[in-house]
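Please look at the sequence and the 3D structure shown below, and keep both in view while reading this short report on selected residues and their surroundings.

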Amino acid sequence: MVTLEFYRNLPKKVCRECGCEIEEQHESYIYECEHCMRKHEE
Ligand SMILES: [Zn+2]
């Protein structure tokens with residue numbers, strides 16, 4: 001059951017801008033939290 005262990009131990013994603021944890025609401029290829037993404041839009 002090595003495969004299951006592998007998926008359980010995946011590290012949480014963290015925002016590359018501020019370092020906070022990203023809540024994975026989407027299939028994510030995102031690297032920034034909502035807060036930082038909004039900053040880029042302004
Ligand atoms: Zn951030």
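In this predicted model, Glu23 counts as exposed because 11 other C-beta atoms lie within 10 Å of its own, and a residue is called exposed if that count is 12 or fewer. Glu23 belongs to the loop that runs between α1 (2–8) and α2 (34–41). Gly19 is also found in the loop between α1 and α2, and Gly19 is exposed as well, since 8 other C-beta atoms lie within 10 Å.

Each of these residues can be paired with another one further along the chain, as the table sets out.

| Pair | Separation in sequence | C-alpha to C-alpha distance |
|---|---|---|
| Glu23 and Glu34 | 11 residues | 9.1 Å |
| Gly19 and Cys33 | 14 residues | 8.7 Å |

Turning to the chain as a whole, there are 2 helices and 0 strands, while 2% of the 42 residues count as buried.

Definitions and conventions:
Residues are numbered from 1 along each chain as its sequence is written. This is a predicted model: local features need pLDDT of at least 70, side-chain atom pairs count only at pLDDT 80 or more; totals for chains, interfaces and linings use all residues. Helices (H or I, at least four residues) and strands (E, at least two) are DSSP runs, numbered from the N terminus. A residue is buried if 20 or more other C-beta atoms lie within 10 Å of its own, exposed if 12 or fewer, and partly exposed in between; C-beta atoms are placed from the backbone.
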